[in-house]
Amino acid sequence: MLGPRVWSSVRQGLSRALSSTVGGWASGEGRKVDISGIYPPVTTPFTATAEVDYGKLEENLHKLGTFPFRGFVVQGSNGEFPFLTSSERLEVVSRVRQALPRDKLLLAGSGCESTQATVEMTVSMAQVGADAAMVVTPCYYHGRMNSAALIHHYTKVADLSPIPVVLYSVPANTGLDLPVDAVVTLSQHPNIVGIKDSGGDVTRIGLIVHKTRRQDFQVLAGSAGFLLASYAVGAVGGVCALANVLGAQVCQLERLCLTGQWEDAQKLQHRLIEPNTAVTRRFGIPGLKKTMDWFGYYGGPCRAPLQELSAAQEEALRLDFTSNGWL
């Protein structure tokens with residue numbers, strides 16, 4: 001942990017470097033980076049003894065690299081980041097960066113509970129090759145995480161981050177939504193480029209798009225289950241767990257939405273809803289990893305305390321894919 005004097009030095013140094021760093025990300029005069037597109041949130045493979053399996057990680061990335069993804073989210077919720085040590089989180093991001101072509105964006109989850117730890121992790125993620133930091137809301141003291149606290153937190157992180165910051169709201173895991181008024185305020189920060197919103201409230205997503213329309217700020221849907229609806233209200237892409245197994249289909253849905261083929265998009269979206277729910281809200285990461293095994297990737301075990309699916313749950317999971325024509 002940084003001491004007060006070192007912390008002050010880091011703050012000053014990064015603040016001085018911020019304008020040139022962000023400038024390297026500009027997509028045009030005065031513009032922030034464009035994060036539009038589809039991103040799979042990469043899972044963390046483990047061995048039977050619960051060690052990170054970097055070989056399987058690289059194999060999965062090689063297979064996923066055949067799809068037209070904008071990039072990859074690493075150490076997000078589906079990466080089981082709360083179960084990894086700080087050094088493991090950084091090593092996973094480093095290995096992914098080494099395996100990815102430079103034209104693929106790497107969004108690294110750097111959120112921690114304290115502002116100071118989040119800044120330190122964000123700086124470290126940048127050092128190992130992350131292109132942007134995806135910062136989840138701190139939530140342990142969720143009763144005190146009001147707009148003022150969250151605006152202060154994200155402003156400090158963005159001020160000191162050498163890479164652009166993407167806000168991350170995932171109320172199913174944290175128990176809190178990043179308030180819309182806080183998002184609107186934070187959208188004005190020059191180093192905050194967008195938000196991944198996993199709450200599934202399309203009205204909220206549309207309102208965020210509307211309220212931030214005068215800012216250079218983008219919204220990513222946090223799930224394939226409401227991807228079409230999110231595009232319809234102005235989102236520019238999605239971070240979709242389902243893309244780990246149905247990458248071609250999620251990218252096809254993106255293309256149909258972007259080209260205005262709404263009838264075909266609707267038909268495809270309908271077939272993705274049940275499989276998406278199965279690998280997210282219903283069976284979670286154990287369900288996603290089991291499905292990856294079926295589709296030719298390495299899913300493997302989760303780290304404890306997450307448990308494997310029961311036989312009955314596995315049967316129900318398979319049905320959600322077979323009934324929609326995917327298995």
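How much space lies in the largest cavity? About 30 Å³ of space lies there, in a model that is predicted. Rolling a probe the size of a water molecule over the atoms shows where empty space is left. The structure holds 1 cavity of 30 Å³ or more. The residues that line the largest cavity are Q75, G76, S77, F81, R89, G109, S110, G111, M134, V136 and Y168. By character, this lining divides into 4 nonpolar, 6 polar and 1 charged residues.

The account now passes from the cavity to the pockets. In the largest pocket there is about 960 Å³ of space. This pocket is lined by 38 residues, and those closest to its centre are S77, Y168, V170, A172 and N173. Two of these names have already appeared, since S77 and Y168 are also found in the lining of the largest cavity. Three elements give two or more residues to the lining of the pocket, namely α6 (171-174), α11 (262-282) and α12 (284-294). The most is given by α11, with 6 residues. In the lining of the largest pocket, 19 residues are nonpolar, 15 are polar and 4 are charged.

One of the elements just named, helix α12, holds K289. Is K289 buried or exposed? K289 has a relative accessible area of 1%, and it therefore counts as buried. The surroundings of its side chain include two polar partners. A polar contact of 2.7 Å joins the side chain of K289 to that of E80, and the backbone oxygen of P301 lies 3.0 Å from a polar atom of the K289 side chain. Both partners belong to a longer list of contacts: when neighbours within four places in sequence are left aside, K289 touches T43, T44, P45, F46, E80, G299, G300, P301 and C302. Folding also places K289 and N244 9.1 Å apart in space, C-alpha to C-alpha, although 45 residues separate them in sequence.

The next element to consider is helix α10, which covers residues 247-258. At 1.5 Å a residue, the 12 residues of α10 should span 16 Å, and because the C-alpha atoms at its ends are 17 Å apart, the model agrees with that expectation. Within α10, the buried residues are G247, Q249, V250, C251, L253, E254, L256 and C257. What covers these buried residues includes β1 (37-39), α9 (227-232) and α11. After α10 comes G260, whose phi is positive, near 75°.

Helix α9, one of the elements that cover α10, contains S230. The relative accessibility of S230 is 1%, so this residue counts as buried. Beyond its neighbours within four places in sequence, S230 is in contact with I205, A221 and A235.

The last residue to examine is N324, which is found in the segment after α13 (311-322). What is the relative accessible area of N324? The value is 12%, and N324 is therefore buried, as the limit for that term is under 20%. The side chain of N324 takes part in a polar contact of 3.0 Å with the side chain of E274 and in another, of 3.4 Å, with the side chain of S323. Apart from neighbours within four places in sequence, the residues in contact with N324 are H270, R271, E274 and P275.

Methods: Residues are numbered from 1 along each chain as its sequence is written. This is a predicted model: local features need pLDDT of at least 70, side-chain atom pairs count only at pLDDT 80 or more; totals for chains, interfaces and linings use all residues. Side-chain values use heavy atoms; hydrogens and water are left out. On a 1 Å grid over the protein atoms alone, a cavity is a set of points where a 1.4 Å probe fits but cannot get out, and a pocket is an open set with protein on both sides within 12 Å along at least five of seven lines; lining residues have an atom within 4 Å of a point. Grid points are joined across faces, edges and corners, and a volume is the space filled by probe spheres set on the points. Helices (H or I, at least four residues) and strands (E, at least two) are DSSP runs, numbered from the N terminus. Ala, Val, Leu, Ile, Met, Phe, Trp, Tyr, Cys and Pro count as nonpolar, Asp, Glu, Lys and Arg as charged, and the others, Gly among them, as polar. The expected span of a helix is 1.5 Å times one less than its number of residues. Buried means under 20% relative accessible area, exposed over 50%, partly exposed in between (1.4 Å probe, protein chains only). Contact means heavy atoms within 4.5 Å. A polar contact is a pair of N or O atoms within 3.5 Å; within protein, one must be able to donate a hydrogen and the other to accept it, and residues adjacent in sequence count only if both atoms are side-chain atoms.
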